[in-house]
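Student: Please take a close look at the strands and how they pair. Then place them in the wider layout of the chain.

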Amino acid sequence: MTIRADESPWAPPPHAHLWPDTARVDGAGRLWLGGVAAARLTGEFGTPLYIYDEATIRARCRAFRDAFTGRWLASAVAYAGKAYLSPALCHILLDEGIELDAVSAGEVGLAVASSYPAERIHLHGNYKPVAELAAALDAGVGRVVVDSLEELERVESLARERGRRAAIWLRLNPDVETETHAAVRTGHAGSKFGLDMAAVDAAARRAAASPWLELVGLHAHAGSQLLDVRPAVRVTAFLCTAAARSRDTHGLAVREISPGGGLGVAYTPGEAPPTVEEYAEAVTGALRAGVARHGLEPPRLVVEPGRAIVAHAGVALYTVGPRKRAPDGTTLVAVDGGMGDNPRPALYGARYHAALAERMTAPAAERARIVGRYCESGDVLVEEMMLPLARAGETLAIPVSGAYQLAMASNYNLAPRPAVVFVADGRARLVRRRETLDDLLRAEVMDRTD
Ligand SMILES: Cc1ncc(COP(=O)(O)O)c(C=O)c1O
């Protein structure tokens with residue numbers, strides 16, 4: 001069935017801003033996503049299960065596109081595939097006119113195999129192995145984002161071997177501090193990413209002199225899960241200054257400027273990240289000011305959101321298992337997934353919200369810690385929250401699960417990775433089947449040779 005916002009007795013879930021746009025709760029308190037009952041999804045596909053709401057992904061793509069092109073006409077949105085990538089997602093990106101930021105031959109290969117045009121892909125990475133660079137150039141990626149002087153030489157020689165100029169951006173280290181977790185901070189002076197100003201000068205000089213390199217743009221990225229627009233403003237201003245310097249020193253006209261991605265999202269009820277509009281206003285304002293200040297030819301602006309496009313579209317569904325009481329009175333509620341499909345709490349201390357999918361409006365009854373099934377004490381999905389008394393067999397839903405979860409999932413403990421289902425207009429389609437033991441054994445050499 002299809003749900004319209006005005007239909008009653010459907011209601012948005014509590015803390016609606018954490019859930020996909022189409023999330024609704026029916027009169028019996030049951031969660032529906034994309035017009036499909038969560039119970040139907042778990043019944044048909046099992047758990048752990050990742051649901052993506054197509055309408056939310058499309059709405060976020062459009063919000064970014066409209067917010068940027070409305071303020072700076074020559075703008076493009078390149079989705080950062082590292083947040084989550086699948087053929088089904090590539091098809092949506094293509095429909096919505098979104099470019100792709102990839103970081104490996106794997107991501108490029110998946111996109112190209114999904115009929116996503118290689119020329120709309122930018123290849124990032126602080127160390128792209130030669131074979132991956134070669135494969136990306138052979139596939140025809142649109143831009144290689146050069147991260148070191150060694151890489152510049154490598155790209156030049158690969159382009160020469162192929163008799164085809166390579167279009168490049170230089171990734172700069174903007175030396176911008178951010179208030180985010182150290183592991184997702186990328187634009188500070190000690191970061192492994194990007195070239196410092198001396199290296200930028202050397203790279204620009206070399207690119208200007210090379211018949212095999214076309215220096216098209218400059219890029220920098222401050223970090224991820226940023227709850228403040230100031231780093232993006234500083235990065236954009238910094239890139240304008242660097243573009244002026246490349247023009248004045250090397251006669252290079254920088255045609256594209258990319259301040260990366262990083263817009264944060266709310267994971268828990270109290271968080272309030274900037275809106276896409278506020279972010280676009282800040283970035284395009286800084287660009288406009290930088291262009292005026294340095295008398296630059298207005299460049300094409302390329303922003304690279306990842307998390308802000310897919311995070312809220314995703315919901316992880318788990319089956320509740322055993323309960324235990326911790327000495328401090330907290331109830332430990334175990335679920336059938338955990339750090340294998342969502343390593344973010346263990347990696348970054350990330351915090352999440354959760355709800356019981358069949359009793360979305362039941363009153364909270366106990367202090368619960370939601371723990372996973374993996375043999376690791378740090379396998380905790382939610383450190384502490386008030387939850388209705390969760391019974392074994394019930395479905396626990398964790399919203400804001402669309403970004404950097406499946407993309408970072410592992411087979412730790414040789415647990416199969418979950419199935420993924422896209423929902424839209426009352427229909428559910430499997431886009432990745434649950435892994436099986438055969439999948440886990442596929443790369444193992446099984447012959448006994450001793
Ligand atoms: C170069 C670059 N662009 C874009 C992104 C996407 O960041 P986010 O998912 O926070 O928008 C990243 C992530 O770290 C990145 O390194």
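Tutor: The answer starts with conventions, goes through the sheets, and ends with the ligand shell and the domains.

This is a predicted model; local features need pLDDT of at least 70, side-chain atom pairs count only at pLDDT 80 or more, and totals for chains, interfaces and linings use all residues. Residues are numbered from 1 along each chain as its sequence is written.

Two terms come up throughout. Helices (H or I, at least four residues) and strands (E, at least two) are DSSP runs, numbered from the N terminus. Two strands pair if DSSP finds at least two bridges between them.

Start with the barrel. Eight strands close it, in the order S5-S6-S7-S8-S9-S10-S11-S12, and the pairing is parallel. On average, neighbouring strands of this sheet are turned by 30 degrees against each other, direction ignored. The axes behind that angle are lines fitted to C-alpha atoms, for helices over the stretch in contact, and angles run from 0 to 180 degrees between N-to-C directions.

Now look at S12, residues 300–303. Strand S5 (residues 75–80) pairs with S12 in the parallel sense over three bridges. Serine 75 faces leucine 301 of S12, and valine 77 has valine 303 as its bridge partner there. Strand S11 (residues 256–260) also pairs with S12, again parallel and over three bridges. Isoleucine 257 has leucine 301 as its bridge partner in S12. Leucine 301 thus appears opposite serine 75 and opposite isoleucine 257.

Move to the smaller-numbered strands. S1, S2 and S3 form an open sheet in that order, with antiparallel pairing. Strands S1 (24–25) and S3 (36–37) are the edges; each has a single partner strand, so one side of each lacks a neighbour in the sheet. S2 (residues 31–33) runs antiparallel to S3 and is joined to S3 by two bridges. Within that pair, tryptophan 32 bridges to alanine 37 of S3.

Next, strands S13, S14 and S16. S13 (residues 314–325) and S14 (residues 331–335) run antiparallel, joined by four bridges. Lysine 324 sits opposite leucine 332 of S14. The two strands make a hairpin with five residues between them. In that turn, glycine 329 has a positive phi of about 90 degrees. S14 also pairs with S16 (residues 366–371), this time in the parallel sense, over four bridges. Alanine 334 of that pairing stands opposite valine 371 in S16.

Some backbone details lie outside the strands. Most residues other than glycine have a negative phi, and most peptide bonds are trans. Threonine 47 and proline 48 are joined by a cis peptide bond, with omega about -10 degrees. Proline 48 lies in the loop between helix H1 (38–45) and S4. Asparagine 413 has a positive phi near 65 degrees and is not a glycine. Its loop runs between strand S18 (395–399) and S19.

What surrounds the ligand? The shell holds 18 residues, and the closest are Ala80, Ser224, Gly261, Gly306 and Arg307. Here a residue is near a molecule or strand if its C-beta atom, placed from the backbone, lies within 6 Å of it. The shell divides into five nonpolar, nine polar and four charged residues. Ala, Val, Leu, Ile, Met, Phe, Trp, Tyr, Cys and Pro count as nonpolar; Asp, Glu, Lys and Arg count as charged; the others, Gly among them, count as polar.

Finally, the layout. The chain is assigned domain 1 (16–54 + 311–441) and domain 2 (55–310), with bounds from an automatic or database domain assignment. Their centres, taken over C-alpha atoms, are 32 Å apart. Contact involves 30 residues of domain 1 and 24 of domain 2; two residues are in contact if their C-beta atoms, placed from the backbone, lie within 7 Å. On the domain 1 side, strand S4 (49–53), helix H11 (344–348), strand S19 (419–424) and strand S20 (427–432) each supply at least two residues. S19 gives the largest share of that side, three residues. That side of domain 1 has 18 nonpolar, seven polar and five charged residues.
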